[in-house]
Amino acid sequence: MKFARLHRWPRNPVAARALQIELAAAVEMCPLPVQVRWLAAADVAFTRAGRVAVAGVVLWDTCTHAVVEQRVARGPVEFPYVPGLLSFRELPTVLAAFRQLQGTPDVVLCDGHGRAHPQRCGLACHLGLWLQVPTVGVAKSRLCGAHAEPGPVRGARTPLWLGGEEVGTVLRTRVKVKPLYVSPGHLCDVAGAVDLTLAALGRYRLPEPARAAHALVTHSR
């Protein structure tokens, strides 16, 4: 997959936060494509010492519900762990995996937040700006914002609010199992992010492509 360089990578949190504010202004909210055939998912794991990131990308066919391509990249971790700035720690290696991808996804699912972020620019937004492909953030825990508890059944949902803005959705994907925090990244909106997540579900809490990406990096460490 080919894409242009968006920016140089900052080496410290102060520079990263300044860049994040600039990137947030470039994020676009709009409906997803009507037809989504190729759905990618990305995930990252770290070696035990935490010095090497292992990024995995899978390309999933929404018609056959099968992985048709998968790529792994490894790279040094050159940015510290700072809540809210995880994209600066993880994305260099994720982008290396996407560069190996032969197919081009219609949408990308990210293990992280999109607009549900203090600066409105989580990992899903950041990745979408690099790839110029619609992205959706699917996170297992809340980073910020407030919400009511969704109902106990699969598909139950409640808005996630931050500063008076609906930045995402708290979505129950299995009965009486902890919900997911779904938010639009780039070139997506709240409704589209939820619809795509539900369409990619199987029997488990996480969407099937996300589960495949997680398994790929877990076995590749």
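This report describes how aromatic rings pair with one another, and with charged side chains, in a predicted model.

## Aromatic pairs and their cluster

The structure contains 4 aromatic pairs. In one of them, the ring centres of Trp9 and Phe88 lie 6.2 Å apart and their planes meet at 85°, so this pair is edge-to-face, given that an angle over 60 degrees counts as such. The pair also connects distant parts of the chain, since Trp9 belongs to the segment before α1 (13-26), while Phe88 belongs to helix α2 (residues 86-100), and 79 residues separate them.

Phe88 takes part in a further pair, with Phe79, whose arrangement is tilted, with 5.8 Å from centre to centre and 35° between the planes. Taken together, ring pairs join Phe3, Trp9, Phe79, Phe88 and Trp130 into a cluster.

## Burial of the paired rings

Within this cluster, the accessibility of some members can be described in turn. Trp9 has a relative accessible area of 22%, so Trp9 is classed as partly exposed, because the limit for a buried residue is under 20%. Phe88, in contrast, has a relative accessible area of 3% and is therefore buried, and its tilted partner Phe79 is buried as well.

## Charges over rings

Aromatic rings in this model also face charged groups. The charged end of Arg89 is placed over the ring of Phe46, at 4.9 Å from the centre of that ring. Elsewhere in the sequence numbering, Arg211 lies over the face of Tyr204, where the distance to the ring centre is 3.8 Å.

Definitions and conventions. Residues numbered from 1 in each chain as written. Predicted model: local features only at pLDDT ≥ 70, side-chain atom pairs only at ≥ 80, totals over all residues. Heavy atoms only, no water. Phe/Tyr/Trp six-rings, centres within 6.5 Å; stacked < 30°, edge-to-face > 60°. Helix = DSSP H or I, 4+ residues; strand = E, 2+ residues; numbered from the N terminus. Buried < 20%, exposed > 50% of the residue type's maximum accessible area, 1.4 Å probe, protein only. Lys NZ or Arg CZ within 6 Å of the ring centre and 35° of its normal.
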